[in-house]
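Got the viewer open? Let's take a short walk through this one, selecting as we go.

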Amino acid sequence: MTPLFRKLVWWMRRRRKEDELREELEFHLANEADEREVDGLAHDQARWAAHRDLGNVTLLREDTRRLWTWTPVEQLAQDLRYAVWMMFKHPTFTALAALSLALGIGANTAIFSLVNATLLQRLPVDDRERLVYVHRARVGGVFSYPLYQALRDGSHVFEGLAAWAGVTLSLNADNTTDLVDGAIVTGNFFDVLGIRASEGRLLAPSDDVTVRAHPVAVISHDLWQTRFGGRADIVGRDIRLNGHAFTIVGVTPAAFPGPQLGTARQVYAPMMMQAILRPSGTGEQNPDLLADRRRRTDGARGPTPSWLFGLGRLNPGITLDQARAELGTLATNYERTFDPSDPPELVALVPLDQGDPRERQQLQSVALLLGGVAAAVLLIACANIANLLLARTASRRREFSVRLAVGASRARLMRQLLTESVLLSTIGGVIGLGFAWVVVLSFQAAPPPPGALPLAIEFSIDQRVLLFSVVLSFVTGIVFGIVPALKASRPNLVPALKDVSAEIDERRRWFSTQKTLVVAEVALSMLLLIPAGLFVRSLQAARSIDPGIDVEKLVAVPLNINVLRYTTAKGREFYRQVVERVERLPGVEAASVARVPVMSGTGRVSGLMVEGRQGYSEEFVFGAGPGVVSADPTQINTNVVGPGFFATLGIPLIIGRDFSEQDAQGGPRVVIVTETTMKRDFSGKNPVGQRVSFGGQEGPWREIVGVVRDSKYAALGEAALAVAYLPLAQNHQPGMTLYVRTSIPPASVIGSLRRELQAIEPNLPVADIRTMTSTIGASLYASRMGAWLLSVFGGLALLLAAIGIYGVLSFSISRRTREMGIRLALGADTRNVFWLVVRDGMMLVVVGIIIGVTGGLIGAQWLSSFLYGIPTTDVATFAAMTGALAAVALAACVIPARRAMRVNPITALRYE
Amino acid sequence: MAHKPPSRVELLRGTLDLLILRTLLPGPSHGHAIAKHIQRTSDDLLKVETGSLYPALYRLEANGWVAASWELSEKGKRARYYRITPKGRKQLASEQSKWDAFARAMGLLLKPLGEEGR
């Protein structure tokens, strides 16, 4: 019989083994006593001596029992049974504790599910450690195709180096045209990434050999499912990209969003097809981007455009430094073959997992803020429950003392108490997971409006989230349980057994665990209320902003004709026709077009030169992306607008004239500027007649013909910007946005607008028609959500802190009943007693508020990037939040204080 | 009260098993008798924590080194008698030789100072 087998047998017979042991010990005691009696002791004394000699029988039995029990398991079962019993015995406490934990754990789980679905996401590629994003240090990080070739062919550090560029494509299939995010990639792109097709095949180097000879494309799994219904005959299907026939050869794996997280790419096509895939500014032949400038066929001079991002797989054992050094030398040598005076080139290598786009980094700081806030709420909940547990263990002191006295070890007692708290936190965790699930569902039911957030964010609950909430629940249980458990298992045995309440040391102690916890709670709540208040104030400030246009009457439609490859002439005609026909629609008052959509978060910046004034910037940034606006005095934001733009949007002209028929192509170039431009660049004097250039000394020079009132350019929250408007007729642009001013509710013209546009150009992808109201709503979405979330968390914190203060004071009053009785009996005024209690409570609150406000002043600086129009030290917010907290805390003090006031001296003195 | 020996030696860890097995070598015995025997034969110098005796007995039984059965004691009461098993004898032999080696080594190391270098 092996020991394990014997143990099993004994375990099955454990009752009998217990009986045997008891009988054996009794036999021992009887024998021992007999012997001592023979030695001359009295019967009783002999029995006691025998007992003493044997020692702690309970402990001994427990030691022996270990041989046939799995003690930890059985004790756990025992502890759990007891914990459940305790929970039912104190239903109010249990419900309160579980609920506050559920809120805390739920908030953390919900935030984690966001972080998990967005930030912890990784590109699903093989051998990821060796993959690097390759950026050029200059020119926005991009390479020209010839430079890419030079690096690819010259370097020895890569197993493979691919290049790609993101592109917006018009995709036509089944007679429907959509706009999709795609990528132009080199033939080795998928080999370098190391991913395999889920259907058909991915692109190979053989698909990228001869210019214009490879009309093949790979689509994403997502596009296959949503656009093509997941049909089995997807491979070999013909589609049209920008109007050209392509054949789908394969589908990427489901988990692969594209070469960079944050933007899902739906279509991939070979580099050799770039000329027809890239949007064409004017509809004329795209410049040849593949040949270097010695061999340019279009005869254009100047550098070869840089537009490609690099993605490389390093050879095993190559360090980033080695690769960087080699690539830098290669790039410098290549560029100096054209111009030996070129500055040295630098190449940056970023490991795949660190190459997050800026939007993701922004999201990270938001997630950090929300996560920190959720963690603070959970901490407050923990402090609260720890306090309630401390109060409860004080009343269970006798129970613990008895158990310690009869031989329970301290560890055993602590284990039991921790079992109770972990059980509580587990229940809280389960309910919290339910809360998180509701949050996720409601977020999925009401997703943010498109464009409201810089990055698509996602919530989802998967195994990792479940594991997180399990671990969090367990840790939470330990965190709030450990202090009460430590204190409870170390009672002063003798007074506790005698049932003398430890009232004497409860009173008048400046420092106690409970008081510290209350102070911490108040401080943390203050810390949470401050950002909540700042966000609400900032939202109010944003709401009261006058956008400077007639928001209520406007609809915007992006006209993506750049994918249609119109010639300039055809484009002009198209815009003219659209405006003319749309203006005839019922309910439409006016229509016009603009290059930079109003308040879309994007913008264009040019260097500004005023004739006769020194100093200007040569930099010209064509920007598209959040926050691309400039307040630099040598730069100006620009927009190209069609006839009637100001009237359509309701932007009043202050000085001069609007653009007119006379500002035609070939005529004198004109420009209209904003009021702020007049103040900034012309000292507030009438600038009409002055000339400005956006291209430096060489011009072209443009004459200012008018000044318009300021209106919001890229975002509602921006300060008034210097903006210059250029007439479309003199500056033709593809990709304008149509603005329609209506006399009826703007949403009601969307349908007829769409039909009219489709009638004018069936191949035009018409998507994303939005009213200006919803655009503004979207631009406020993030602040609204932020204010809402932080207010919820702040309110929660406030509520929890109030419960904490109330709990501690009530408890201390219940322990000081006799003291109150004596005070009253000796003639203390009831008011004195009342203030005594309130003062005790508010002292803690004041200390907490001071700590919280100090922390808030420091911490709020970090919030500045989230706030509109108010400073991070906004006095009104701090005052209001301090007041709110103090008021709630006072209320929490008054209730127990009133109870203390009503103590009946007679009962109190008789008590105990 | 019974007389108290001047000083009692605490048992070394693990030696209790050895003592119990050795005690059982001549014949079966019950717990109380084992305790008394160990105390008596060591001239009362060893203090056997009676409390630790019983867990040890059950542990030896679980290891299969002793077997237990209920029999009538000399006084006619039911008592649990322990008997050493063949496996227990083997264990005793190996433990004893280990102990002997240990005791010899300790004896050599702790020789009175004067005996060194003789």
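**Stop one: a strand and its partners**

Select A:A183 and look across to A:Y268 of strand β8 in chain A, which stands opposite. Keep in mind that you're looking at a predicted model.

Now widen the selection to strand β3, residues 176–185 of chain A: β3(A) and β8(A) run parallel and are paired over four bridges.

Next, add strand β5 of chain A, residues 216–219. This one is antiparallel to β8(A), with two bridges joining them. To find your way in, pick A:I219, which sits opposite A:V267 of β8(A).

Stay with β8(A), residues 267–270, and show its side chains. Which way do they point? A:V267 and A:A269 go one way, while A:Y268 and A:P270 go the other. Alternation between the two faces of the sheet is what side chains do in a regular strand. Buried or exposed? All four of these β8(A) residues, A:V267, A:Y268, A:A269 and A:P270, are buried.

**Stop two: a pair of helices**

Jump to chain A residues 14–38, helix α2, and then add residues 43–54, helix α3. Their axes are 8 Å apart, and the helices pack at an angle of about 130 degrees, which makes α2(A) oblique to α3(A). The crossing of the two is right-handed.

To see what makes the contact, show these side chains:

- From α2(A): A:H28, A:L29, A:E32, A:A33, A:R36 and A:E37.
- From α3(A): A:H43, A:A46, A:R47, A:A49, A:A50, A:H51, A:D53 and A:L54.

Colour them by class and you'll get six nonpolar, three polar and five charged residues in the contact of α2(A) with α3(A).

Note on methods: Residues numbered from 1 in each chain as written. Chains lettered and ligands numbered in written order. Predicted model: local features only at pLDDT ≥ 70, side-chain atom pairs only at ≥ 80, totals over all residues. Axes fitted to C-alpha atoms, helices over the stretch in contact; angles between N-to-C directions. Parallel < 35°, antiparallel > 145°, perpendicular 65-115°, else oblique. Left-handed = near helix turned anticlockwise from the far one by under 90°. Contact = placed C-beta atoms within 7 Å. Nonpolar A, V, L, I, M, F, W, Y, C, P; charged D, E, K, R; others polar. Buried ≥ 20, exposed ≤ 12 C-beta atoms within 10 Å, placed from the backbone. Pairing = 2+ DSSP bridges.
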